[in-house]
Amino acid sequence: MEAGAALSTPLCPVCDDCGGCSWQRVPYSRQLEWKAQLIEESARDHQLELPEPCVVEPSPLTFQYRNHMEFSFAAKRWLTTAEIASGRDLERGFALGLHAPGGFGRVLDLEGCPLQSSRADEAFLVVKQFAATSGLPAWDARTHEGFWRYLILKRGHNTGELLVHVVTSRSERDLLSRLAEDVFARVEGVMGVTNGVTERVADTSEGAVVETIAGRSFIHERLGGLTVEVGPMSFFQPNTLAAERIVQIVKEFASSVPADRVIDLFCGSGLLGLSLAAEARTVTGVEVVREALDAAERNARLNGAQNVRFIQADLLRGWPSDLPQAADLVVCDPPRAGFHPKALRALIAMAPEAILHVGCNPKTQARDLATLMREGGYRPIRNAAVDQFPNTPHVENIVLLVKESGS
């Protein structure tokens, strides 16, 4: 990447220590150029030629764009570079914030995050103050002891609805009911407070048993003509405004190929498949997370999509046996690691007429596309990129492939 880019003053005071939005010092126009270069370089590394020059569409917002944030509690906060350089004897107790790179347990204590909305910041501070004065300790990653573990905030950009999800090591309903009262009284737009309980020592909020403490266990978001339900652990595109553009591109690309029978792999809450349901005869979504799948089924009912069904399966481990054996179009939005080789081979064996790949990691996307071309006889005919993650090196790239005749 080009050296000597002009630097701007970062909005976040811990930008250089956190690493979550490490490109804050880079002017936004240069960020878009670098992301286009990343996509092009990844394609060249796999001898993949994209049909159109890569131009990354900007996000409408460069800050306060995230509709989902996950924060960690810690019994001992991680000091910033500036604090260490000061030589002062600083308090290093209770923390709620984001992880500094370089190892587990390095939690920077924050007062909010410029990537989320001001309303979410308000909820963050209410929960932080309550937890810090609750008399129960934050989680200690070294001893695997403590009560408070994670805070997940989800906010509908177009609805203003907010969900507060707190993950703890055990159930304390009376205490969390008092927290919920505090949150509802002090933060506007809160639809629910939920609690996930996990005894796992691994540094992850997944796998917790979820209970609704007050209100409801989901929020609504509107985009692309759809109303969708998002729960505490549901996957949903984190930048609503950029996701609206991604949906537009997916629908536009899909309209240029046969799309009567659609399969939506890694479907999450069902957004992409549901956006194509009105023009398809059948849509089948595949997702591993049960809660996301439940939300997808509710979203189908919410939007009157009677031609959509969903299957629970882990595509990183293989191919579900009850998936339709033929499709005109397969839409896929895999995680950053990309396709599991077995799943990719199964997709090639299915031989759909077209594949619409929405990739959040240009390197693994280029790898998988190259395999589809080399072993499946596909060629890319359209591509577009959207910046869903300003001030980070991440970018969404959408590529439409069609099967060559005779292959």
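How many residues apart are arginine 290 and aspartate 294 in helix α8? Keep that in mind while you look around; this is a predicted model, and the tour begins with that pair.

**Stop 1: helix α8**

Select residues 290-302 to light up helix α8. Now show the side chains of arginine 290 and aspartate 294: they form a salt bridge, with the closest N and O atoms 2.9 Å apart. The two are four residues apart in the helix, so about one helical turn separates them. Arginine 290 is partly exposed, with a relative accessible area of 37%, and aspartate 294 is partly exposed too, at 25%.

Keep the helix on screen and add β12 (282-287) and β13. Helix α8 lies across both strands, and runs at about 175 degrees to β13.

**Stop 2: the sheet**

Next, colour the strands. You're looking at an open sheet of eight strands with mixed pairing, in the order β1-β16-β17-β15-β14-β11-β12-β13. At the edges stand β1 (56-57) and β13 (308-312); each has a single partner strand, so one side of each is left without a neighbour in the sheet.

Now pick β14 (residues 329-332) and β15 (residues 354-359), which pair in the parallel sense over four bridges. Click on valine 331, and then find its bridge partner in β15, leucine 356.

**Stop 3: glutamate 57**

Head over to strand β1 and select glutamate 57. Is this residue buried or partly exposed? It's partly exposed, with a relative accessible area of 25%. Its side chain makes a polar contact with the side chain of arginine 245, at 2.7 Å. Beyond its neighbours within four places in sequence, glutamate 57 also touches other residues, including Leu32, Ile249 and Asp387. Try the distance tool between the C-alpha atoms of glutamate 57 and valine 395: they are 9.9 Å apart in space, yet 338 residues apart in sequence.

**Stop 4: helix α4 and its salt bridges**

The whole structure has 22 salt bridges. For another one, select lysine 128 and aspartate 109, whose closest N and O atoms are 3.1 Å apart. This pair links distant parts of the chain: lysine 128 sits in helix α4 (residues 118-132) and aspartate 109 in strand β4 (residues 107-109), 19 residues apart. Lysine 128 is buried, at 11% relative accessible area, whereas aspartate 109 counts as partly exposed at 26%.

Last click: glutamate 122 and arginine 119, a salt bridge with its closest N and O atoms 3.6 Å apart. They are three residues apart in helix α4, so about one helical turn lies between them.

Key. Residues are numbered from 1 along each chain as its sequence is written. This is a predicted model: local features need pLDDT of at least 70, side-chain atom pairs count only at pLDDT 80 or more; totals for chains, interfaces and linings use all residues. Side-chain values use heavy atoms; hydrogens and water are left out. Two strands pair if DSSP finds at least two bridges between them. Contact means heavy atoms within 4.5 Å. Axes are lines fitted to C-alpha atoms, for helices over the stretch in contact, and angles run from 0 to 180 degrees between N-to-C directions. Buried means under 20% relative accessible area, exposed over 50%, partly exposed in between (1.4 Å probe, protein chains only). A polar contact is a pair of N or O atoms within 3.5 Å; within protein, one must be able to donate a hydrogen and the other to accept it, and residues adjacent in sequence count only if both atoms are side-chain atoms. A salt bridge is a side-chain nitrogen of Lys or Arg within 4 Å of a carboxyl oxygen of Asp or Glu.
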